Amino acid sequence: MTAYPTLLSPLDVGAFTLKNRVVMGSMHVGLEEDFGRLHRLAAYLGRRAEGGVGLIVTGGFSPNVEGWLKPFAGQMSNRWHAFKHRVVTDAVHAHDGRILLQLLHAGRYGYSPLCVSATAKKSPISPFKPRALTTSGVERTVRDFVNAARNAQRAGYDGVEVMGSEGYLLHQFLSARTNDRTDAWGGSFEKRARFPVEIVRRIRAELGDGFLVMFRLSMLDLVEGAATWDEVVSLAQMLQDAGAHVLNTGIGWHEARVPTIATTVPRAAFADVTARLRPSVRLPLVTSNRINMPDVAERVLAQGDVDLVSMARPLLADPDWVRKAAAATPAAINTCIACNQACLDHIFRNKRASCLVNPFACHEAEMPLIPAATPRRIAVVGAGPAGLAVATTAASRGHSVVLFEASAAIGGQFRLAMQIPGKEEFTETLRYFDHQLRTLGVDVRLDTRADLATLREGFDHVVLATGVVPRAVRFPGADDPRVVSYAAVLRREVEVGPRVALLGAGGIGVDVAEFLGHPHPAGDVNAAFRDFWGIDATSEARGGLRAAVPATPARTITLCQRSEGRPGARLGATTAWIRRETLKKLGVEVLSGVQYDRFDDAGLHLTISGAPRLVPVDHVVVCAGQEPERSLAGPLAEAGVAVHVVGGAEEAGELDAKRAIAQGTRLAMALA
Ligand code: NAP
Ligand code: SF4
């Protein structure tokens with residue numbers, strides 16, 4: 001008897017029986033381009049197959065040069081490409097997994113001067129103006145797709161996923177928003193749909209029943225002037241008639257200004273959109289977006305309207321997700337917190353992806369976890385993200401670890417972060433670390449402030465992960481009890497009044513603005529999310545957008561910084577726009593280039609561009625960064641102890657959970 005009977009049940013799709021309902025969705029990780037070294041992609045995907053994933057979809061590979069995501073991006077155009085991919089398909093098949101190659105033509109999203117589209121309209125998120133494909137160019141591109149599918153078959157892939165959503169080329173042809181052609185590939189919906197439908201029909205005709213064809217269909221566009229629900233249904237039926245075996249769900253164009261995968265999006269927020277297609281098609285349906293734990297997946301599947309769940313980031317975070325679900329040990333899952341910080345933000349900066357909570361992700365070939373040759377006794381001081389990463393990684397290598405934590409609970413800065421609306425997933429990371437500490441037998445000493453006397457005896461290594469202290473700001477009135485630190489606010493030690501000024505507009509200033517301003521509506525979180533962002537999941541109007549319901553902020557907030565520029569300037573590209581848009585919706589006033597003059601009963605006195613300004617507030621919250629806390633480092637070194645300093649204790653200016661966990665993990669890998 002399993003805890004997740006539907007999730008773990010097999011499913012016949014085309015000529016294959018998938019061993020469970022988990023699809024590893026396509027996600028570009030930066031290992032796709034490296035044709036000389038596809039063994040790293042093989043190690044990454046093979047590890048997920050080993051962990052039990054039923055069906056894997058690769059990142060996008062273009063059928064030709066015009067379809068490149070960026071110059072020299074992954075491509076599947078000739079036999080040479082096919083030959084290089086053998087190592088990938090072999091790695092997945094070795095673990096009884098199935099794998100599809102995603103065929104992705106970027107169209108006008110291509111970061112390349114060679115890009116093409118239905119018309120010569122530039123996208124708002126790319127600097128390159130596309131060339132409109134000629135009629136014969138469209139026909140050639142259909143042939144290129146079929147050729148790429150044939151090469152995928154030669155490479156040993158079990159099929160292809162044809163990328164028809166997220167605003168890429170096929171979607172650009174499908175949509176009235178981007179296709180006003182007057183030839184056979186534009187005009188009526190049937191003509192706009194002809195390009196993707198023809199690709200599916202021709203791949204099926206050429207490659208036969210034994211080769212799976214999945215189509216990723218946009219079920220909700222979230223941009224003006226895009227598809228209606230009737231068009232979604234018609235396309236699904238046309239693809240079914242053309243021979244597609246499975247329909248996968250795409251949500252939102254990349255240029256949409258509505259979050260679709262960030263932490264603020266409730267879990268399984270769009271599963272009902274996929275389910276709505278059930279009565280209209282016979283094909284297996286895959287649902288997607290913010291499904292990250294087995295109970296969520298099981299609930300969605302057990303309702304019977306969708307057949308498979310697609311997850312990409314959760315399997316980056318934990319390659320053994322399926323195995324742990326099968327063993328009914330969800331507490332052992334390292335849950336994706338949907339932060340995007342080490343995955344999509346890396347890809348946007350042209351860096352290899354990894355994972356904030358799992359630094360081994362995408363580095364499987366280079367970071368084997370080697371057991372310690374000589375087990376050592378290691379003290380770790382501080383149970384924040386850095387200390388937890390050191391303690392658990394060192395223990396998993398066979399070292400004997402004592403973890404000292406001055407407070408009553410593990411977590412450090414994570415305990416503050418999980419208070420922020422939309423960042424509740426951080427609790428999962430702490431649950432995971434807690435499980436690991438117990439399983440690995442780490443000696444955890446809470447409420448224990450480690451001192452020199454304790455640490456100087458009996459340990460081969462001492463790791464200081466003692467974190468940070470909030471930076472104090474000096475100006476007249478800063479010692480008033482109404483001027484408080486962000487830490488005290490997030491720990492709910494202060495009852496903040498209805499008018500508040502925040503000093504410092506970095507990541508934490510933005511977090512605190514959301515914490516204090518969010519209206520926290522009671523009831524259905526998904527309905528509140530849709531109201532806040534103006535989502536019409538029924539797509540009655542083209543594109544699935546409607547007027548947002550104005551938020552009623554909990555407080556009047558003024559966010560100040562001394563420098564010029566936008567708040568949260570250092571936040572990742574994939575989430576910073578969401579955070580700024582949220583501040584706007586919460587009516588937060590942002591003041592840049594300010595000088596803090598004084599605080600008194602009238603409020604906060606500032607100077608902006610030489611002019612005085614009074615902001616009448618009840619409280620001032622200082623979010624001015626942090627200073628490292630590593631006071632034990634000097635005395636320990638003087639006492640001859642091998643001491644290592646990690647995380648915020650080492651570099652408070654770069655305090656960041658991604659860096660802290662990666663640094664802690666790598667240190668623990670090196671401890672000998
Ligand atoms: P931060 O990003 O360094 O921002 C500190 C803010 O304080 C700045 O706006 C700075 O702006 C101001 N400041 C610095 N020194 C000051 C002083 N002496 N007096 C007055 N103001 C001062 O630090 P943070 O916001 O505390 O965040 C810490 C780290 O955590 C950062 O790396 C951040 O990216 C990360 N973080 C990330 C997220 C996320 O969602 N990804 C969320 C929170 C934090 P001015 O100098 O212009 O006044
Ligand atoms: Fe998930 Fe964040 Fe890891 Fe990306 S970096 S896989 S969003 S936890």
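**Helix pairs and sheets: group meeting talk**

Okay, let's start with a helix pair: α5, residues 189–207, and α6, residues 229–242, have axes that come within 9 Å and cross at roughly 30 degrees. Anything under 35 degrees counts as roughly parallel, so that's what we call α5 and α6. The crossing of these two is right-handed. Oh, and before I go on: this is a predicted model.

So which residues of α5 meet α6? On the α5 side you've got F189, E190, R192, A193, P196, V197, V200, R201 and R204, and they meet E231, S234, L235, M238, L239 and A242 in α6. Sort that contact by class and you get nine nonpolar, one polar and five charged residues.

Now, α5 also sits on a sheet, so let's go there. Eight strands make up an open sheet, and the order is β10-β9-β8-β5-β4-β3-β12-β11, with parallel pairing. The edges are β10, at 246–251, and β11, at 286–287; each has a single partner strand, so one side of each has no neighbour in the sheet. Coming in from the β10 edge, β9 and β10 pair in the parallel sense over six bridges. One to click on there: L220 has I251 in β10 as its bridge partner.

Back to the helices on this sheet. α2, residues 79–93, packs on it and touches β4, residues 55–61, and β5, with its direction at about 145 degrees to that of β5. And α5 packs on the sheet too, touching β5, β8 and β9; its direction makes about 165 degrees with that of β9.

Let me zoom in on β8. Is it covered or open? Mostly covered: β8 runs over residues 159–164, and six of its six residues are buried. G159, E161 and M163 point one way, V160, V162 and G164 point the other way, and all are buried. For those of you who look at charges, note that E161 is in that buried set.

What does β8 pair with? On one side there's β5, residues 98–103, running parallel to β8 and joined to it by four bridges. L101, for instance, has V160 in β8 as its bridge partner. Then there's β9, residues 212–220, also parallel to β8, with six bridges between them. Here E161 shows up again, standing opposite M214 in β9.

Okay, next sheet. This one is open as well, with five strands in the order β15-β14-β13-β16-β27 and parallel pairing. At its edges you find β15, residues 443–445, and β27, residues 643–645; a single partner strand each, so one side of each is left without a neighbour in the sheet. On average, neighbouring strands in this sheet are turned by 15 degrees against each other, ignoring direction. At the β27 edge, β16, residues 461–464, pairs with β27 in the parallel sense over three bridges. The partner of V463 in β27 is H644.

Last one, another helix pair. α17, residues 507–517, packs with α19, residues 573–585, at an angle of about 40 degrees, and the axes are 10 Å apart. That makes α17 oblique to α19. The crossing here is left-handed. Who makes the contact? V510, D511, A513 and E514 from α17, with R579, T582 and L583 from α19. By class, that's three nonpolar, one polar and three charged residues.

That's my tour; happy to go back to any of the views.

Methods. Residues numbered from 1 in each chain as written. Chains lettered and ligands numbered in written order. Predicted model: local features only at pLDDT ≥ 70, side-chain atom pairs only at ≥ 80, totals over all residues. Heavy atoms only, no water. Buried < 20%, exposed > 50% of the residue type's maximum accessible area, 1.4 Å probe, protein only. Pairing = 2+ DSSP bridges. Axes fitted to C-alpha atoms, helices over the stretch in contact; angles between N-to-C directions. Parallel < 35°, antiparallel > 145°, perpendicular 65-115°, else oblique. Left-handed = near helix turned anticlockwise from the far one by under 90°. Contact = heavy atoms within 4.5 Å. Nonpolar A, V, L, I, M, F, W, Y, C, P; charged D, E, K, R; others polar.
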